[in-house]
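Visitor: I've got a sequence and a model on my screen, and I'd like to learn how to read them. Take me through some features, please, with the idea first and then the case at hand.

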Amino acid sequence: MNQLDALKRYTTVVADTGDFLQLEQFQPRDATTNPSLILKSVQKPEYAHLLADTVARFRDRPLDEIVDRLLVRFGCEILARVPGRVSTEVDARLSFDSAATVARAERLIELYQAAGVDTSRVLIKIAATWEGIQAAEQLEQRGIHCNLTLLFSFAQAVACGQARVQLISPFVGRIYDWYKKQAGASWDEAAMSGANDPGVQSVRQIYQFYKRFGIATEVMGASFRNIGQIQALAGCDLLTISPDLLGALSASEAPLARALDPEAAAALQLPFVQYDEPAFRLALNEDAMATEKLAEGIRAFCADALKL
C-alpha cells in the first residue's frame with residue numbers, strides 16, 4: 001500500500017488545486033481552490049478557453065461578477081470529477097466587511113444553483129478575520145456551509161468553533177515558513193521536522209481542543225511544504241494537498257502510522273477557552289506570526305483576484 005492509500009484510511013484526502021484534469025489520478029474526495037490556484041490554471045493552454053469563454057459571455061457584467069462566474073465554472077468542473085465537495089473563495093477584499101461577505105457568498109451559491117449543482121457540495125471559503133467569522137456564522141445559520149481559510153492561530157480556530165462553521169483550514173506550511181525565516185541561520189531543519197514542526201504543532205493543538213470539547217467543526221490541514229508535515233498529521237479530519245505532494249505520497253510505500261486520534265484527544269485534560277471580539281483581537285495581536293501571515297495572505301489573494 002502506498003502512503004496516499006494509507007493516509008486515506010485515517011483522513012479525508014482533498015486536492016488543493018484548480019487543475020481539475022489531474023484529479024482522477026489521485027481520487028480525492030474533495031477539492032479546494034483559491035484565486036492563486038485559479039490564476040495558475042488559466043495560464044495553462046488547456047484551461048485558457050474557460051477564461052476566454054466566461055469573459056466573452058459576460059463581458060457586459062462588472063468585473064467582480066465575471067471573476068465569481070469563473071470561480072464557479074472551475075468549481076463545477078471539479079465537482080464533475082470528485083464525489084464530495086469543492087471550496088470556492090469569496091473575494092479577499094471583503095475580508096473586513098461581514099455584510100459584503102455574506103452577500104458575495106450568497107451570489108456564489110446562486111451561481112452554483114443556476115448551474116444545477118447541489119449546493120450541499122459547496123463550501124464558501126472566507127478569510128478567518130473577526131468579520132469573516134461573523135459572516136460565516138450567519139451563512140451557516142442560513143444553510144450555507146463555510147471553509148474558514150488563512151487560519152494561523154489558535155484564537156482564530158476557537159472563534160470559528162464558537163461560530164459553528166463547517167470547516168477550518170489551518171495553514172501548516174505558511175506557519176512553518178514564518179518560524180524558519182525568523183530563525184534564520186539557526187534553523188535546524190531536522191530538529192524542527194515532523195511532530196516538532198511549528199505548523200504541525202498548531203494543527204495538533206486545534207484538533208485536540210476540538211475533539212476534547214466536542215466541537216463539530218472539521219479541521220483540514222492545508223498549505224504543506226513537504227510530505228513529513230502530512231505524515232505528522234495523519235488522522236486529521238481532512239488534509240488538502242497539492243498534486244505534487246499527492247504524487248510524492250503515492251510514490252512512497254514506507255509505513256504510515258496514525259498521528260492524530262480523536263479518542264486520545266478527547267481524553268486530554270485541556271483548559272476551555274472562548275473569545276468575544278475584544279479578546280479575539282487581543283489574542284491575534286499577541287501572535288505576531290498569525291497577524292503577519294493573515295495580512296500577507298489577504299494581500300496576496302487580493303492581488304491574484306485582480307489578475308484574473
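**Cysteines, strands and charges**

Guide: Let's start with a cysteine: Cys-236 counts as buried, with a relative accessibility of 0%. Keep in mind throughout that the model is predicted.

Visitor: How many disulfides does the structure hold?

Guide: The general idea is that a disulfide is a covalent bond between the sulfur atoms of two cysteines. Here there are zero disulfides.

Visitor: Why is the sulfur of Cys-236 not in a bond with the closest cysteine sulfur?

Guide: Distance settles that, because a pair of sulfurs has to be within 2.5 Å to count. For Cys-236 the closest cysteine sulfur belongs to Cys-160 and is 14 Å away, too far for a bond. Cys-146 has the sulfur of Cys-160 as its closest too, at 9.7 Å, which is again too far. Cys-146 is also buried, its relative accessible area being 0%.

Visitor: On to the strands. In what order do the eight strands close into a barrel?

Guide: Follow the pairing from strand to strand. The order is S1-S2-S3-S4-S5-S6-S7-S8, and the pairing is parallel. On average, neighbouring strands of this sheet are turned by 30 degrees against each other, direction ignored.

Visitor: Pick one strand for me. Which strands do bridges join to S3?

Guide: S3 covers residues 86-89, and two bridges join it to S2 (residues 30-32), the two running parallel. There, Thr-32 stands opposite Ser-87. With S4 (residues 122-127), S3 pairs in the parallel sense over four bridges, and Val-86 stands opposite Val-122. The path from S3 through helix H6 (residues 98-114) to S4 is a right-handed β-α-β unit.

Visitor: And the side chains of S3: which point one way and which the other?

Guide: Val-86 and Thr-88 go one way, Ser-87 and Glu-89 the other, and all are buried.

Visitor: Now strand S6, please. How many bridges join S5 to S6?

Guide: Three, and the two strands run parallel. Leu-148 stands opposite Ile-168 of S6. S5, helix H8 (residues 154-162) and S6 make a right-handed β-α-β unit. Then two bridges join S6 to S7 (residues 218-221), again parallel, with Glu-218 in S7 as the bridge partner of Leu-167. In S6 itself, Leu-167 and Ser-169 point one way and Ile-168 and Pro-170 the other, and all are buried.

Visitor: Lys-125 caught my eye. Is Lys-125 buried or exposed?

Guide: Anything under 20% relative accessible area counts as buried, and Lys-125 is buried at 5%. Lys-125 sits in strand S4. Beyond its neighbours within four places in sequence, its contacts include Ser-87, Thr-88 and Glu-89, as well as Asn-147 and Thr-149.

Visitor: Last topic, charges. How many salt bridges are there?

Guide: In general, side chains of opposite charge can pair when their charged atoms come close. The count here is 24 salt bridges. One of them joins Asp-30 and Arg-85, at 3.2 Å from N to O. Asp-30 lies in strand S2 and Arg-85 in the loop between helix H5 (63-79) and S3, so the pair ties together parts that are 55 residues apart in sequence. Both Asp-30 and Arg-85 are buried.

Visitor: Which residue forms a salt bridge with Asp-91?

Guide: Arg-104, with the closest N and O atoms 3.7 Å apart. Arg-104 is in helix H6 and Asp-91 in the loop between S3 and H6, so this pair links parts that are 13 residues apart in sequence. Arg-104 and Asp-91 are both buried, and they belong to a network of salt bridges that also links Asp-64, Asp-68, Arg-93 and Arg-107.

Visitor: How exposed are Arg-225 and Asp-177?

Guide: Both are partly exposed: Arg-225 at 38% relative accessibility and Asp-177 at 27%. Their side chains meet in a salt bridge of 2.7 Å, N to O. Arg-225 lies in the loop between S7 and helix H11 (227-231) and Asp-177 in helix H9 (residues 172-183), so the pair connects parts that are 48 residues apart in sequence.

Methods: Residues numbered from 1 in each chain as written. Predicted model: local features only at pLDDT ≥ 70, side-chain atom pairs only at ≥ 80, totals over all residues. Heavy atoms only, no water. Buried < 20%, exposed > 50% of the residue type's maximum accessible area, 1.4 Å probe, protein only. Pairing = 2+ DSSP bridges. Right-handed = clockwise from strand over helix to strand, strands pointing away. Axes fitted to C-alpha atoms, helices over the stretch in contact; angles between N-to-C directions. Contact = heavy atoms within 4.5 Å. Salt bridge = Lys/Arg side-chain N within 4 Å of Asp/Glu carboxyl O.
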